[in-house]
Amino acid sequence: MKTTARVVVIGGGVVGCSVLYHLTKKGWSDVMLIERDQLTSGSTWHAAGGFHTLNGDPNVAMLQSYTVSLYEELERISGQSCGLHKSPGIMLADTPERMEFLKMTVARGRYLGMETEIISVKEALNYFPFIEEKYFLGALLDPNEGHLDPSGTTYAYAKAARLGGATIEVQTKVESLEQKPDGTWRVITNKGVVECEHVVNAGGLWAREVGRMVGVELPVLAMEHMYLVTDDIPEVEAFNKSAGKEIGHVIDFGAESYLRQEGKGMVLGVYEQAGKPWSPKNTPWSFGQELLQPDLDRIAPSLEIAFKHFPTLENAGIKRVINGPFTFAPDGNPLVGPVQGRTNFWSACGVMAGFSQGGGVGLALSNWMVDGDPGFDIWGMDVARYGDWTTRNYTNAKVRENYSRRFRIRFPNEELPAGRPLQTTPLYDKFIEQGAVMGDSWGMETPLWFAPKGTEAKDIVSFHRSNDFEPIKAECKAVRNGVGVTEVANFAKYEIKGPGAEAWLQGLMTNTLPKIGRLQLCPMLNHNGKIIGDFTIAKAGEERFMMWGSSQAQVYHMRWFEQTLPTDGSVTITPFGMKLIGLSIAGPKSRELLQRLTDDDVSGEAFKFMDYREMEVATVRAHVNRVTYTGDLGYEIWVAPEYQRRLYESIMEAGADLGITNFGMRALLCLRLEKNFGTWFREFRPIYGPFEAGLDRFVKLDKHEYIGKAAAIKEKADGPKKTRIFMVVDALDCDVMGDEPIWVDGKVVGWVTSGGYGHYVEQSLAQGYIPTECFKPDMNLEIEILGERRPARLQMDPPFDPEAKRMRM
Ligand SMILES: Cc1cc2nc3c(=O)[nH]c(=O)nc-3n(C[C@H](O)[C@H](O)[C@H](O)COP(=O)(O)OP(=O)(O)OC[C@H]3O[C@@H](n4cnc5c(N)ncnc54)[C@H](O)[C@@H]3O)c2cc1C
């Protein structure tokens, strides 16, 4: 066995082999895969082998589409058959909501170039002849689906990787990992030690155990999964003969099942409600190529529906039942990328659809390792989207929930209950008492909206405007006309200190840093000049900065900060997490309210827009920012959690005669929309440049050096390729939700990033991107909402306070 390699990939399932192949394709040939048993020995060998391109996250869908397009290349290079059967797939809708969901899915796929379309139930019979028509309303047709031979495909990746110079050691178990002071690794196996620069965890069913070797608890859990293979069904053969093709793939949401042809029979797999975790604490190393005991009772309720929907299957004999485990992350998407807090330790696990996603995972990870960037927007599968709050038990609850919802619709206003409440602030009970409907924000309970007295504090889930519409309107109006208070605990907050703090921070941020006592909005770019963060930064002292950013991106950002921090100890960065939480007061009467609570002079002259102060507010020591996301006069007041209740009670007491009103996250997002403010991971993502995103004011090209500056200069010189636009939509009772296609002059050219109803300005609003070459002030705009093209018009200025007088008053 070789004793050195540039990269060691642990795990010879489809994912590890794909990573290995892609690394060689990128030109790294000194790469080695170590597999404790034979290739495919984890979950890979017993997979049903289906593949498809659709995914709720369009960026993940794009990588799935890449995976599907890869197989022919792989067969060509390796000479090994993947056993490809390309056959169209259909998704069947049995309720009006599912029909809307399918229309939305087709629309979302348009700008990705997906060829999906809505077809009638009659037309669906051309692909799947067993449908009992009366149960269905329509279907989505995806021509790019199929199934393959899981083992053949894994060996094809492995063979292609070997041809590129990779080595593969089977029957070799990685027993532990040691990091040397220079950041390189010693991979200790039962057959000796391999020294390498990078380690990739593609341990599949054992990914948790491999993570634990470096002290990381990855949020993955295996679930048992069953599918049946039927005996030959005469009608299958008859269809093949008469139609001259295989029976297509089917997803039946109602029966929570997928079906496809296998030989002259069918495969029927079920994502049942009573899903069962497998080895929730430790995966036994002794587990090999064996199957679990089938439990047909568990899937009986789904089978009953499936047999009603497809009666031909009811009489088919069952040839075999496969019950095997495979892993999921809490949201069902993979965990990919460098693991924060560890050097050169990469994750490629939690891949629940190895044959739809494995290629994309390999491509993104190899780009990341070789070029320093995944090359795509892979936030939806970045391992950094989870934090230390995703404990084993939380993961267990969420994975079970996700499994049971595999074929369920997630409505835009739907919050999922499993594992909650997890993190709560001291105001949690107080908000609930006042009718708050809570949502989950990166594991933390956050008030979304407040149900008026006498109404139920619960979302009626829908794609349309729902029961929160009127209460949110009232909250928005209360802010704009008087004063409102909202909790803003769910931000990421950091303190940066030390003699090197200013130089380091300045080297990351496109905007010049603020002077002491001032705030500055600062985008952050990667080396390719794409947006990887936007922060509000305060200079709190000569060598001390406070910084606020997106809560969900805290691990993502810490990973970047750790990579760029000077090694001489001249700078420290500390995330506050829940040790600093806040309340924001906003609206024209917010100054009067703040003045009642502090001895400091907070007049417009003494405490200006974008000022930062440390002051006492209502007997509590606080950091106060004169800025709010509402785009109105307002303040963010940050305190230690033990003081938050005191602060809130004081605000409510002092603001009573000013009509102070609670407002939630949804109202906040509506208010920011009226100002055309962007949000992280919607308008600002690593696929956009700062000039494309319209952040020109915050990007200095002639003042200081920072990462990504050369690329930003080039973007400016060449002209941004995309343009972020703001639109007023002629919506009916459904506003945009994000990812809808934008049509210009009858062609899909762009997509919506976010939007909703602007309750104060009484307009349906949307933000999105189109290619700059399509941008014309008089362009004919439409947005496809739930399958219907609604007229839209370009809005150049924010509809609320276009001159920004309110923020500055
Ligand atoms: C019943 C069933 C049906 C499925 N159907 C489909 C389907 O139709 N389509 C689809 O896309 N997906 C399907 N899947 C899921 C699919 O199998 C997985 O997505 C895929 O196998 C994940 O591959 P992996 O490489 O991540 O993990 P694994 O296949 O588990 O591979 C991990 C490998 O790492 C090795 N390993 C772990 N630790 C060590 C160590 N310390 N040292 C050395 N080696 C180690 C293991 O031996 C194993 O071979 C199905 C799964 C099941 C169970």
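## A walk through a strand-rich predicted chain

The protein chain has 19 helices and 39 strands. With a radius of gyration of 27 Å, close to the 28 Å that the globule rule gives for 809 residues, the chain is as compact as a globular protein of that length. Please keep in mind as you explore that this is a predicted model.

Let us start with the overall picture. Along its principal axes, the C-alpha trace spans about 85 × 65 × 50 Å. Of the 809 residues in the chain, 62% are buried. The contacts tell you how the chain folds back on itself: among those between residues at least 6 apart in sequence, 72% join residues at least 24 apart. On the outside, the chain exposes about 30000 Å², and carbon and sulfur atoms supply 50% of that area. If you are thinking about electrostatics, there are 88 positive and 104 negative side chains, and the centres of the two sets lie 2 Å apart.

Now let us go to strand β26, which covers residues 531-541. Ten of its eleven residues are buried, so the strand is largely enclosed by the rest of the structure. On one flank, strand β25 (residues 519-525) runs antiparallel to β26, and seven bridges join the two. To find this pairing on your screen, look for Met524, whose bridge partner in β26 is Gly533. The two strands form a hairpin with five residues between them, and Gly529 in the turn has a positive phi of about 75°. Strand β26 also pairs with β27 (residues 544-550), again antiparallel, through five bridges. Here Ala538 stands opposite Met546 in β27. This pair too is a hairpin, with two residues between β26 and β27.

Further along the chain, strand β38 (residues 781-785) makes a good second stop. Five of its five residues are buried, so β38 is largely enclosed by the rest of the structure. Both of its faces are covered: Leu781, Ile783 and Ile785 are buried on one side, and Glu782 and Glu784 are buried on the other. Strand β35 (residues 741-744) pairs with β38 in the antiparallel sense over three bridges, and Val744 stands opposite Leu781 in that pairing. Strand β38 also pairs with β39 (residues 788-794), in the antiparallel sense and over five bridges. In this second pairing, Ile783 stands opposite Arg790. Strands β38 and β39 form a hairpin with two residues between them, and Leu786 in the turn has a positive phi of about 45°.

The next stop is an open sheet of six strands with mixed pairing, in the order β30-β31-β32-β29-β23-β33. Its edges are β30 (612-617) and β33 (661-662); each has a single partner strand, so one side of each is left without a neighbour in the sheet. Within the sheet, strand β23 (residues 484-487) runs antiparallel to β29 (residues 581-586), and four bridges join them. Thr486 stands opposite Ser584 in β29.

The loops deserve a look as well. Ala48 is found in the loop between β2 (31-34) and β3 (50-51). With a relative accessible area of 12%, Ala48 is buried, since the cut-off for that class is under 20%. Leaving aside its neighbours within four places in sequence, Ala48 is in contact with His147, Tyr227, Tyr258 and Arg260. For a sense of scale, the C-alpha atoms of Ala48 and Leu671, 623 residues apart along the chain, are separated by 47 Å.

Finally, a few backbone details may catch your eye. Most residues other than glycine have a negative phi, and most peptide bonds are trans. Against that background, a cis peptide bond joins Arg420 and Pro421, with omega of about -10°. Pro421 is found in the loop between α10 (392-404) and α11 (428-433). Glu256 has a positive phi, near 50°, and is found in the loop between β14 (249-252) and β15 (257-262). At 8% relative accessibility, Glu256 counts as buried. Asp745 also has a positive phi, near 50°, and is found in the loop between β35 and β36 (747-758). Unlike Glu256, which is buried, Asp745 is partly exposed, with a relative accessible area of 43%.

Definitions and conventions. Residues numbered from 1 in each chain as written. Predicted model: local features only at pLDDT ≥ 70, side-chain atom pairs only at ≥ 80, totals over all residues. Heavy atoms only, no water. Rg over C-alpha atoms; globule rule 2.2 N^0.38 Å. Buried < 20%, exposed > 50% of the residue type's maximum accessible area, 1.4 Å probe, protein only. Contact = heavy atoms within 4.5 Å. Areas by Shrake-Rupley, 256 points an atom, 1.4 Å probe, with all protein chains shown as cover. Lys, Arg positive; Asp, Glu negative; His and termini not counted. Charge placed at Lys NZ, Arg CZ, Asp CG, Glu CD. Pairing = 2+ DSSP bridges.
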